[in-house]
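Student: I am new to this structure and would like a close look at a single part, the surroundings of the ligand. Could you take me through them step by step?

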Amino acid sequence: MRLNILFCASEMTPFAKTGGLADVAAALPKHLARLGHKVMVVLPRYYIIDKSKLTFVKGNIGVDMGPLGTLWAGAFKSEYEGIEVYFIDYERYFGRANLYTDDNGFSYPDNDQRFIFFSKAALELARSIGFVPDIVHANDWHTAAQPILLNTKLRSDPYFARTASVYTIHNLQHQGVFSKEAFAYLGIEAKHFNPLEMEALGALNLMKGAIYHADKITTVSKKYAQEIQTPEFGFGLDAHIKAHAYKLYGILNGVDYEEWNPATDPYIAQNYDVEDLSGKKVCKRDLQRIFGLEERQDIPLIGYVGRFAQQKGIELIAGALHDMAHLGVQMVFLGSGEKWAEGFFSDVASYYPNIGTYIGYSNELAHKIEAGSDLFLMPSIFEPCGLNQIYSLRYGTLPIVRAVGGLDDTIENFDPLTKSGDGFKFYDATKEALFGTVKWAVDTWMGDKEGVAAMIDTAMRQRFSWERSAKEYEKVYCDALEVL
Ligand code: ADP
């Protein structure tokens with residue numbers, strides 16, 4: 001069955017990106033289109049997106065924002081790898097320097113208006129260009145208003161009467177919680193503001209509402225789908241999610257192997273593949289040179305790429321760092337985020353000659369770290385899916401991960417007896433557990449050459465493809481239409 005899919009997200013590579021959602025919003029529509037579906041992607045037109053590359057879409061879209069009256073949006077259009085991408089233009093909301101926060105990292109105070117407006121405008125844009133969606137696929141809190149609207153006000157609207165909603169949670173930590181006054185922007189009956197649907201402690205919780213109203217819910221790994229039903233990972237919504245688990249699916253993200261392939265990667269010092277790893281040594285030397293580390297092949301090099309956020313386990317790394325620094329290893333850190341961490345990782349790099357740090361965002365350096373490191377550190381407190389550990393596998397860089405969410409689903413622990421597995425896992429969120437596992441990985445790397453070679457071989461042959469994920473989403477869409 002050929003479906004019309006309206007895919008709405010707050011970010012998409014290459015137009016605007018802060019995290020993994022942007023990569024999903026680029027890759028999944030592309031692969032759904034390859035399965036024969038018609039996909040329309042809608043994004044906000046942040047003013048950081050260059051207008052000269054977009055085409056103007058004629059006509060204005062009226063968006064009823066309740067007490068704010070009707071606001072009129074414009075639209076632009078572009079094409080990305082065969083997919084039609086539309087942009088909602090409204091300067092007052094999107095004519096800013098960043099996507100969600102001001103330069104000091106504080107959320108914009110009108111994010112409720114901005115994203116409820118965007119959610120509604122995207123649906124009205126579909127109507128105005130005559131695109132009748134079979135599925136509206138909404139993502140994270142930013143577009144959580146869509147499943148809510150489709151199952152309330154728009155149920156009686158003939159245009160959307162046959163439209164099912166699928167809602168994907170990429171990160172449960174950010175739920176779109178706003179004061180109860182924001183409820184009025186949704187323009188739905190007051191009875192829906194209750195603790196079963198979208199009220200939480202007197203506030204409006206958009207994600208809670210989407211979980212209640214969506215026809216199907218997905219999240220980005222099977223393990224995370226289980227975890228978010230527990231208090232440890234549920235961010236207060238665990239009981240609510242558990243109550244709706246009958247319509248919850250876990251679908252692992254795929255990886256763009258056109259970008260992340262050591263055999264063709266243009267950023268790395270020398271290409272290599274599973275048959276011939278000699279290029280990896282050249283990449284290691286290059287990485288050591290970039291970070292001013294001693295150029296030695298016999299010392300294991302541990303890499304880290306990621307946001308400096310509590311989620312990523314940076315506090316565990318900081319706690320174990322001095323012990324790790326004395327293990328006879330080299331370490332490189334690439335990231336930015338929490339200010340204390342930026343200071344900490346810069347300080348340790350100037351103190352220890354075997355540690356290098358780059359504060360900032362650099363895709364090129366991320367590629368070089370994946371290629372040039374021997375081990376990759378990802379000790380997340382929670383991890384819905386995670387991409388870097390999957391890139392690491394492809395580059396023969398063995399991941400050291402905490403066994404949560406997508407990290408647990410994608411990495412198989414090393415077994416020294418059978419030499420099976422492709423990484424090293426730990427369970428407790430403590431610096432001792434992290435340190436113990438890093439030490440195990442380092443000892444293995446130094447002492448069990450045969451085991452390490454087997455792991456690298458296993459790792460580099462793993463594939464987490466978008467073709468497979470897209471087929472799983474297709475199945476969810478069909479299930480969603482069935483319950484409609
Ligand atoms: P999250 O979405 O939680 O940040 P993921 O592992 O799913 O984590 O995706 C993060 C993406 O952002 C990866 O593609 C990673 O390489 C990239 N990334 C994160 N921080 C940086 C950085 N400082 N420089 C370059 N790339 C980065």
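Tutor: In this predicted model, the ligand is surrounded by 20 residues, and the closest of them are Gly20, Arg307, Lys312, Gly360 and Leu387. Three of these can be followed down to single atoms. A backbone N or O atom of Gly20 is placed 2.7 Å from an oxygen atom of the ligand, while Arg307 brings a polar side-chain atom to 2.8 Å from an oxygen atom of the ligand. With Gly360 the partner on the ligand is a nitrogen atom, which lies 2.8 Å from a backbone N or O atom of that residue. As for cover, the ligand on its own has 560 Å² of accessible area, and the protein covers 92% of this.

If you then ask which parts of the chain build the shell, the elements that give two or more residues to it are helix H1 (20–34), strand E14 (330–335), helix H12 (363–372) and helix H13 (388–394). Seen at the level of domains, the shell draws at least three residues from domain 1 (4–254 + 466–483) and at least three from domain 2 (278–461), so that, when you trace the surroundings of the ligand in the view, you should look at residues from each of these two domains. Sorted by class, the shell around the ligand consists of six nonpolar, ten polar and four charged residues.

Technical notes
Residues are numbered from 1 along each chain as its sequence is written. This is a predicted model: local features need pLDDT of at least 70, side-chain atom pairs count only at pLDDT 80 or more; totals for chains, interfaces and linings use all residues. Side-chain values use heavy atoms; hydrogens and water are left out. A residue is near a molecule or strand if one of its heavy atoms lies within 4 Å of it. A polar contact is a pair of N or O atoms within 3.5 Å; within protein, one must be able to donate a hydrogen and the other to accept it, and residues adjacent in sequence count only if both atoms are side-chain atoms. Accessible areas come from the Shrake-Rupley method with a 1.4 Å probe; for residues, only the protein chains shown count as cover. Helices (H or I, at least four residues) and strands (E, at least two) are DSSP runs, numbered from the N terminus. Ala, Val, Leu, Ile, Met, Phe, Trp, Tyr, Cys and Pro count as nonpolar, Asp, Glu, Lys and Arg as charged, and the others, Gly among them, as polar. Domain bounds come from an automatic or database domain assignment.
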